[in-house]
Each structure stands twice: as C-alpha cells, then as structure tokens.
Amino acid sequence: MSSKIITTVIALGLTTAASMGVAVRANAATDDVNLHLFHNGSVVTGYPERGVIVYEDPKPSLRGTVARGDVLFRGVIDTKHKRVHGTAYVFRRGCAPAPYAVTGTDFQGDSSFKLVGAAPVRAPHSCDIVGFSKTSGNAVLEFDPVGDL
C-alpha cells in the first residue's frame, strides 16, 4: 500500500475522530525527521514523512484548549514537488477540533510557507459550525522555521 493511500486513510480516520469529540493527537515518537516551526505565537513540529504538524508549545492564550501533541494539520507534505495538502483543525475551548481542507505550495522545508483554506466558523457561544470563511483568521496558516530547539 502506498504511503499516500495510508496518509489519506489516517487523515480520514482522524477527521471522523475529531468530529466525535475525540482528541486528535499524533504519535511523534517514531519520527526521525522533523521541522520546528513558529505558527501564530506557538511552536509546532512538522513531520513530513508522516504528513503531520503538531503543537509542541502552544501559546499562552491556547493553554487549556490546545495541548502538546494536538494535531494542527494532517495530510501530505510533498517535499519533492513542494506542495502540501490535507486537513487543518480549528480549536475552541470545550469543542471538538473542527476540520477543514487546506493547500499550500512552494514548501521548501527550511523557509516560511502558508496553508490556505476556507476555515470553519462557529456560532457564538457554541460548538456548532455555521459556515466556512476564506477571510477568517484561520483561513491562512503561516509557518516560519525556528531552526534547532
């Protein structure tokens, strides 16, 4: 079975788990290669071989909502063709992570990159998804390398 098919199967399984309120976490202990990145004030780690980006050190305003190991992105990180596509997650305290499709190009691994997609919009004071927005703060995810930690 190809790694692309396996990644797709894993991503579909986690999307379902997230929609059921199950914590979405990665098992990063088996990964050899990783990228340390800044994302919106948090430190995240990318594992290209597994197609996952996880929170390493969430910024203070996310503590209690996002924990170390929570998955921010799962999909395909194609270093050969410099493309990224898959599922990102929006977090809200007390709610299951909300998945949405994202894509990115010009992925170099050692430079900044972006993932773009119409992000879920939740109802005020609720976990309900009421729509998707290409202009919300979660529609563009920016990543900058931090080097060795």
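Me: Let's say that contact means heavy atoms within 4.5 Å. Leaving aside neighbours within four places in sequence, which residues is glycine 51 in contact with?

Reply: This is a predicted model, and in it glycine 51 has heavy atoms within 4.5 Å of Phe73, Arg74, Gly75 and Ile77. Glycine 51 itself has its place in the loop between β2 and β3. One of those partners, glycine 75, is 24 residues away in sequence, yet the two C-alpha atoms are 5.0 Å apart in space.

Me: Why is glycine 51 called buried?

Reply: Buried means under 20% relative accessible area. Glycine 51 has 2% relative accessibility, so it counts as buried.

Me: What about proline 58: where is its place, and what makes it count as buried?

Reply: Proline 58 is found in the loop between β3 (52–57) and β4 (71–78). Its relative accessibility is 7%, which falls under 20%, so proline 58 is buried as well. Leaving aside neighbours within four places in sequence, proline 58 touches Ser42, Arg63, Val66, Ala67 and Arg68. Its C-alpha is 9.2 Å from that of histidine 39, a residue 19 positions away in sequence.

Me: How do you know that there is a disulfide, and which cysteines does it join?

Reply: The cut-off is a pair of cysteine sulfur atoms within 2.5 Å. Cysteine 95 and cysteine 127 have their sulfurs 1.9 Å apart, so they pass and are joined as a disulfide. The count by this rule is one. The angle about the S-S bond is -85°, and the link is left-handed.

Me: Why does this pair tie together parts of the protein that are apart in sequence?

Reply: It comes down to where the two cysteines sit. Cysteine 95 is in the loop between β5 (83–90) and β6 (98–105), while cysteine 127 is in the loop between β8 (119–122) and β9 (129–133), so the link bridges parts 32 residues apart in sequence.

Me: Is cysteine 95 buried or exposed, and what is cysteine 127 called?

Reply: Cysteine 95 has a relative accessible area of 15%, which is under 20%, so it is buried. Cysteine 127 has 35%, which lies between the 20% and 50% limits, so the term for it is partly exposed.

Me: What makes asparagine 40 count as exposed?

Reply: Exposed means over 50%. Asparagine 40 has 55% relative accessibility, so it counts as exposed. It lies in the loop between β1 (35–39) and β2 (42–47), and its phi is near 55°, a positive value in a residue other than glycine.

Me: Which loop does lysine 82 lie in, and why is it called partly exposed?

Reply: Lysine 82 is in the loop between β4 and β5. With a relative accessible area of 37%, it sits between 20% and 50%, so partly exposed is the right label. Lysine 82 also has a positive phi, about 60°, although it is not a glycine.

Me: How is empty space found in a structure like this?

Reply: A probe the size of a water molecule is rolled over the atoms, and this shows where empty space is left. A cavity is a set of points where the probe fits but cannot get out, whereas a pocket is an open set.

Me: How many cavities of 30 Å³ or more does a search of the whole structure find, and which residues line the largest cavity?

Reply: The search finds one, and the largest cavity has a volume of about 30 Å³. Its lining consists of Leu35, Leu37, Gly46, Ile53, Ile77, Val84, Phe107 and Phe113. By class that gives seven nonpolar, one polar and no charged residues. Gly counts as polar, so Gly46 is the polar one.

Me: Which residues lie nearest the centre of the largest pocket, and which element gives the most to its lining?

Reply: Of the 17 lining residues, His39, Asn40, Tyr55, Asn138 and Leu141 lie nearest the centre. The pocket holds about 290 Å³ of space. β10 gives the most to the lining, with three residues, and β5 and β10 (140–145) each supply at least two. The lining divides into ten nonpolar, five polar and two charged residues.

Me: And the protein as a whole: how many helices and strands are there?

Reply: There are one helix and ten strands, and the helix comes at the N-terminal end of the order, ahead of the strands. Buried residues account for 42% of the 149.

Note on methods:
Residues numbered from 1 in each chain as written. Predicted model: local features only at pLDDT ≥ 70, side-chain atom pairs only at ≥ 80, totals over all residues. Heavy atoms only, no water. Helix = DSSP H or I, 4+ residues; strand = E, 2+ residues; numbered from the N terminus. Buried < 20%, exposed > 50% of the residue type's maximum accessible area, 1.4 Å probe, protein only. 1 Å grid on protein atoms, 1.4 Å probe; cavity = no way out; pocket = protein on both sides within 12 Å on 5 of 7 lines; lining within 4 Å. Points joined across faces, edges and corners; volume = space filled by probe spheres on them.
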